[in-house]
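This report looks at how two chains meet and at how a sheet in one of them is put together. Please look at the model first, then read on.

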Protein chains: 2
Amino acid sequence: MQNIYDNKKFFEEYKSMREKNVNANNLIENPIFKSLLPNLKDKKVLDLGCGYGNLCKFCEEDGARKIVGIDISKNMIEMAKKTNSSSKIFYFNKPMEKLDEIKEKFDFVLSSLAFHYVENFSKLINNIKNLLSPDGYLIFSQEHPLVTAFTSPAKKNIDCKIDIEGKRYYLLSDYNNIGKRNIHWYINGVIKYHRNFSTIINTLIENGFTIEKIIESYADEDILKIEPKYKYQNDRPYFLFIKAKLK
Amino acid sequence: MQNIYDNKKFFEEYKSMREKNVNANNLIENPIFKSLLPNLKDKKVLDLGCGYGNLCKFCEEDGARKIVGIDISKNMIEMAKKTNSSSKIFYFNKPMEKLDEIKEKFDFVLSSLAFHYVENFSKLINNIKNLLSPDGYLIFSQEHPLVTAFTSPAKKNIDCKIDIEGKRYYLLSDYNNIGKRNIHWYINGVIKYHRNFSTIINTLIENGFTIEKIIESYADEDILKIEPKYKYQNDRPYFLFIKAKLK
């Protein structure tokens, strides 16, 4: 997993985006993610790719008794400790590839917009299974397969044609081509991993999870009224949310 | 549900396509569908949209003790009785909207490439649930959401741009726009219903099914060697297969 959030230019751009109250995380991703969360009272929660710790803080406010947040980025963990600290929240600077170092069980494993950075999804899901109590839940969001499918190594989007009305047309021939994508996001060379729907769902099932709910997000008219620039989140489903229970 | 298969021009074109041994059903759809079937020995099977009855016949040869095939089209049921009859197979000219008229239980409900013609998916799945024995399976294929999403009311494909190399680019903004599609397939005005992934999966779950496996098909190199014209099945996943178990 690439530690892009410790790249100076990237992190500054990212920080400035997140510091605006109007951003895709606050407007679109967070409300859907929270709608999938069961009551967390007295539960133990692990947050993978916790970033600033906003979700950890939300879990604490919702009554969780212990929350562990891990992130590959030192920048992120520093920000989390500064802005979302609590005696019930424990932050560790650790990549998702090292989940086997965690030696306790959780009722919920959560992850917001981070799984598309992980190369070995099968190993990740297997590690998560080992960290969950019986009847535990994995609830995660990631970029939708109709976003991760594409490669845009520079600002120029090579998988997309735009017509005179501004409508976007996408090349889908790489949708079933699972693997690494090298894209431009603030900087060139951001590495993500594309998996199609069936790969994501089957990997969860093969590791003992039952799928309980799936959501594919769009930026709706209300969101576009607040921020018209999220029109690109209306061209295609942008985030994918999955709630899965360990059998 | 539209009874397109009893339209004379449509049925003649369809028949002539199916009479070729090399067609997308034989080359791509059937092998994947059969790979999802458990052993059918002594089982009772219901086939929804049975068409020519090929799948019913396959189930009989695989040891099923009773197979019921239904189809909205009289043409299809006539062909099925002519070409795939057996003392264990019972064909009825009946649309999938009238499943509540069937008063027995089955171990397996199967359906090959027919669900995208049904308007009320939730009612369909609920009816199937009522026809299944405990631990029964629903195994079906349909056109992939990245096929049903698009509208092409005439031969001209309005949701697609083709570049000078022949690559196809698709407009995805209607992917989350669930509902009726009016397309051209041999004739104008063929009615299908688009549902995105999450709608399909969530409807199954809400009706008590557990998802066991999903497959998204492509025409691979081996298939293109046999029939290069299936290149359009390589531009995007073309068929979706789901194996679901009643809890």
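## Strands that meet across the chains

In this predicted model, A:Tyr170 stands opposite B:Tyr170, a residue of β7(B). The two strands involved are β7(A) and β7(B), the latter made of residues 168–171 of chain B. Their pairing is antiparallel and covers 3 bridges.

## The contact between chains A and B

How many residues of chain A are in contact with chain B? There are 29, and they touch 29 residues of chain B. Three elements of chain A each supply at least two residues of this side: β7 (168–171), α7 (197–206) and β10 (209–216). The largest share, 7 residues, comes from β10(A).

Sorted by class, the side of chain A that touches chain B has 14 nonpolar residues, 7 polar ones and 8 charged ones.

## The sheet of chain A

Chain A has an open sheet of 7 strands in the order β3-β2-β1-β4-β5-β11-β10, and the pairing is mixed. Why do β3 (89–93) and β10 of chain A each have one side without a neighbour in the sheet? Both stand at the edges and have a single partner strand, so one side of each is left free of a neighbour there. From one strand to the next, the twist averages 15°.

Within chain A, strand β1 (residues 44–48) and strand β2 (residues 66–71) run parallel and are joined by 5 bridges. One bridge partner pair is A:Lys44 with A:Lys66, the latter in β2(A).

## A helix across the strands

Helix α5 of chain A, residues 121–131, lies across β1, β4 (106–112), β5 (132–143) and β11 (239–246) of that chain. The helix α5 runs at about 145° to β5(A).

Methods. Residues numbered from 1 in each chain as written. Chains lettered and ligands numbered in written order. Predicted model: local features only at pLDDT ≥ 70, side-chain atom pairs only at ≥ 80, totals over all residues. Contact = placed C-beta atoms within 7 Å. Helix = DSSP H or I, 4+ residues; strand = E, 2+ residues; numbered from the N terminus. Nonpolar A, V, L, I, M, F, W, Y, C, P; charged D, E, K, R; others polar. Pairing = 2+ DSSP bridges. Axes fitted to C-alpha atoms, helices over the stretch in contact; angles between N-to-C directions.
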